[in-house]
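Dear colleague,

I am passing on the structure we spoke about, and my notes on it follow below. Please read them with the model open beside you.

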Amino acid sequence: KIGFDKLLDKYNINFSITQAGGGFDDLWLHTSSFQSIMLNLIGNSINTLQSVSRKEKWIKVEIEKKFGHLQISVSDNGYGILQDNWKRIFDHHWTTKKLGTGMGLTIVREIIEDDYGGTIKVEKSISEEVESGAGTTTFLISIPLQNLTKEAE
């Protein structure tokens with residue numbers, strides 16, 4: 001849970017992480033890079049879920065080796081993101097938060113694309129602003145396995 005236990009408990013958020021596609025011991029992803037990615041994505045999920053009134057709140061992280069890539073998906077059932085904003089959320093200093101810097105997802109994208117030759121996208125998101133009670137968001141990260149070896153460093 002990367003240090004989020006107290007916040008997850010405080011806001012009654014169920015957190016799950018699943019792994020598939022074999023072991024990950026042969027992959028090399030710098031610890032600080034992985035932590036930056038996960039802290040930003042899970043932190044954003046907690047941020048949206050803390051003010052959602054539904055009884056069942058969840059964050060799901062799925063990590064899988066698939067089609068020659070390491071795929072990580074981070075999903076939550078928070079407020080969702082308006083489709084018009086999907087492309088803007090990775091822009092420098094763009095935020096919908098009152099106290100946000102607009103740099104979290106920018107940093108995540110730069111690590112994934114520039115350091116590991118991967119991609120990150122909003123795979124799906126339904127905004128509560130469009131359909132009440134429908135908020136869910138999934139971010140999908142895909143990094144070629146060949147870029148996750150010690151030799152690639």
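In this predicted model, K65 lies over the face of F24, at 5.9 Å from the ring centre, and a second lysine is placed in a similar way, since K60 lies over the face of W58, at 4.3 Å from the ring centre. Pairs between aromatic rings, by contrast, come to a count of zero.

As for the fold, the protein chain has three helices and five strands, and reading along the sequence gives the pattern α-β-α-β-β-α-β-β. The five strands form an open sheet with mixed pairing, in the order β1-β2-β3-β5-β4. At its edges are β1 (13-20) and β4 (119-126), each of which pairs on one side only, and neighbouring strands of the sheet are turned against each other by 10° on average, when direction is ignored. Helix α2, which spans residues 31-49, packs on this sheet and touches β1, β2 (57-66), β3, β4 and β5, while its direction makes about 150° with that of β2. Helix α3, formed by residues 104-116, lies across β4 and β5 and runs at about 25° to β5.

Within the sheet, you may want to look at the pairing of β3 (residues 69-76) with β5, where the two strands run antiparallel and are joined by eight bridges. One of the residues to find there is S75, whose bridge partner in β5 is T138.

Strand β5 covers residues 136-144 and includes F139. Is F139 buried or exposed? Its relative accessibility is 9%, and because the cut-off for buried is under 20%, F139 counts as buried. Leaving aside residues up to four places away in sequence, F139 touches L41, I72, S73, V74, I81, I89, F90, L105, I120, K121 and V122. Of these, L41 falls within helix α2 (residues 31-49) and L105 within helix α3 (residues 104-116). I72 is 67 residues from F139 in sequence, yet the two are 8.1 Å apart in space, C-alpha to C-alpha.

For the chain as a whole, 41% of the 153 residues count as buried. Among contacts with a separation of 6 or more, 68% are between residues 24 or more positions apart. The exposed area of the protein chain is about 9,000 Å², of which carbon and sulfur atoms supply 48%.

With best wishes

Technical notes. Residues are numbered from 1 along each chain as its sequence is written. This is a predicted model: local features need pLDDT of at least 70, side-chain atom pairs count only at pLDDT 80 or more; totals for chains, interfaces and linings use all residues. Side-chain values use heavy atoms; hydrogens and water are left out. Helices (H or I, at least four residues) and strands (E, at least two) are DSSP runs, numbered from the N terminus. Buried means under 20% relative accessible area, exposed over 50%, partly exposed in between (1.4 Å probe, protein chains only). Contact means heavy atoms within 4.5 Å. Accessible areas come from the Shrake-Rupley method with a 1.4 Å probe; for residues, only the protein chains shown count as cover. Rings of Phe, Tyr and Trp (its six-membered ring) pair if their centres lie within 6.5 Å; planes under 30 degrees apart count as stacked, over 60 as edge-to-face and the rest as tilted. A charge sits over a ring if NZ of Lys or CZ of Arg is within 6 Å of the ring centre and within 35 degrees of the ring normal. Two strands pair if DSSP finds at least two bridges between them. Axes are lines fitted to C-alpha atoms, for helices over the stretch in contact, and angles run from 0 to 180 degrees between N-to-C directions.
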